[in-house]
Amino acid sequence: MRSIPIVSTLVVLLAVGVMIALGLWQLERREEKAQLLGHYAGAAGLTQEIAWPRQGPGARLLYRRAHLTCTAVTATSAVAGRNRNDETGFARTATCALAGGGEARVVLGWTRRPDGKGTWQGGEVHGVIAPGPRLVADPALGGLEANALPDPSDLPNNHLSYAVQWFAFALTALVIYAMVLRRRGRS
């Protein structure tokens, strides 16, 4: 039987150690994500509106009800979206200049066509803060239909599956290396 190659063994063991560390890190992230999703669910249940922060809302304000005053619409667009009946179509968005500086992206509402109706020149907006960040208008503006409101339960917490994948990679690397050593010993 030949001796075990030291450098190759160290490289494989180092790689396995890194994969295990990544798996453990994903387990930690799973707990962090569960807490964050719990926070978002609590925020979604609050009915009192907050003012849209001038610097934009951070992650801790997502899913809160908020309001802002759009002093001027500086750009508009249409992106893929869903309405309250879960039909696909387009969400009309506007970039708004805010009093005192700054800007905010507002989802005005939903339409079947990207060039569909919906003219809005600015004013008061009430809605829910969504990732992006953007304010999803509730009620819809500019003659559009109501867009689907952001729901924190739509966010996945798939860190456990990522952890299992890293642990499986580590085990696979060990098994393959053991097979290589075994074959090497036979020859």
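A polar contact is a pair of N or O atoms within 3.5 Å, and within protein one must be able to donate a hydrogen and the other to accept it. With that in hand, look at Thr 93 and Ser 77, whose side chains are joined by a polar contact of 2.5 Å. Bear in mind that this is a predicted model. Besides that contact, the points to look at are a helix pair, H1 with H2, a disulfide between Cys 70 and Cys 96, two cis peptide bonds, one into Pro 133 and one into Pro 139, and positive phi values at Tyr 63 and Asp 86.

**The helix pair**

- Two packed helices are described by the angle between their axes and the distance between the axes.
- Here the partners are H1, covering residues 6-44, and H2, covering residues 159-186; the angle is about 165° and the axes sit 7 Å apart.
- Angles over 145 degrees count as roughly antiparallel, and H1 and H2 are therefore roughly antiparallel to each other.
- As for handedness, H1 goes past H2 in a left-handed crossing.
- What sort of residues make up the contact of H1 with H2? The split is 18 nonpolar, 5 polar and 3 charged.
- For a landmark in H1, try Val 12, which lies in that helix and counts as buried at 17% relative accessibility.
- The C-alpha of Val 12 is separated by 7.3 Å from the C-alpha of Ala 173, although their positions lie 161 residues apart along the chain.

**The disulfide**

- A disulfide is a covalent bond between the sulfur atoms of two cysteines.
- The count for this model is 1 disulfide, formed by Cys 70 and Cys 96 with their sulfur atoms 2.3 Å apart.
- Since the cut-off for a disulfide is sulfur atoms within 2.5 Å, the 2.3 Å between Cys 70 and Cys 96 qualifies.
- Where does the pair sit in the chain? Cys 70 is in strand S2 (residues 65-82) and Cys 96 is in strand S3 (residues 88-98), so the link ties together distant parts of the chain, 26 residues apart.
- The link of Cys 70 and Cys 96 is left-handed, with -95° about the S-S bond.
- Are the two cysteines buried or exposed? Cys 70 is buried, at 4% relative accessible area, and Cys 96 is buried too, at 0%.

**Elsewhere on S2 and S3**

- Thr 93, one end of the side-chain contact with Ser 77, has its place in strand S3.
- Thr 93 counts as buried, given its 4% relative accessibility.
- Ala 72 belongs to strand S2 and counts as partly exposed at 31% relative accessibility.
- From Ala 72 to Ala 99 the C-alpha distance is 9.1 Å, with the two 27 residues apart in sequence.

**Backbone oddities**

- Most residues other than glycine have a negative phi, and most peptide bonds are trans.
- Tyr 63 is not a glycine, yet its phi is positive at about 75°.
- You'll find Tyr 63 in the loop between strand S1 (50-51) and S2, where this tyrosine is buried with a relative accessible area of 4%.
- Asp 86 also has a positive phi, about 65°, without being a glycine.
- The place of Asp 86 is in the loop between S2 and S3; is this residue buried or exposed? At 53% relative accessibility, Asp 86 counts as exposed.
- The peptide bond from Gly 132 to Pro 133 is cis, with omega near -15°, and Pro 133 falls in the loop between strand S5 (123-130) and strand S6 (134-137).
- Another cis peptide bond runs from Asp 138 to Pro 139, with omega near 15°, and Pro 139 is in the loop between S6 and H2.

**One more proline in the S5-S6 loop**

- Pro 131 lies in the loop between S5 and S6, and counts as partly exposed at 30% relative accessibility.
- Which proline is 19 residues from Pro 131 in sequence? That is Pro 150, and the pair are 8.3 Å apart in space, C-alpha to C-alpha.

Definitions and conventions
Residues are numbered from 1 along each chain as its sequence is written. This is a predicted model: local features need pLDDT of at least 70, side-chain atom pairs count only at pLDDT 80 or more; totals for chains, interfaces and linings use all residues. Side-chain values use heavy atoms; hydrogens and water are left out. Axes are lines fitted to C-alpha atoms, for helices over the stretch in contact, and angles run from 0 to 180 degrees between N-to-C directions. Helices (H or I, at least four residues) and strands (E, at least two) are DSSP runs, numbered from the N terminus. Angles under 35 degrees count as roughly parallel, over 145 as roughly antiparallel, 65 to 115 as roughly perpendicular and the rest as oblique. A crossing is left-handed if the near helix is turned anticlockwise from the far one by less than a right angle, and right-handed if clockwise. Ala, Val, Leu, Ile, Met, Phe, Trp, Tyr, Cys and Pro count as nonpolar, Asp, Glu, Lys and Arg as charged, and the others, Gly among them, as polar. Buried means under 20% relative accessible area, exposed over 50%, partly exposed in between (1.4 Å probe, protein chains only).
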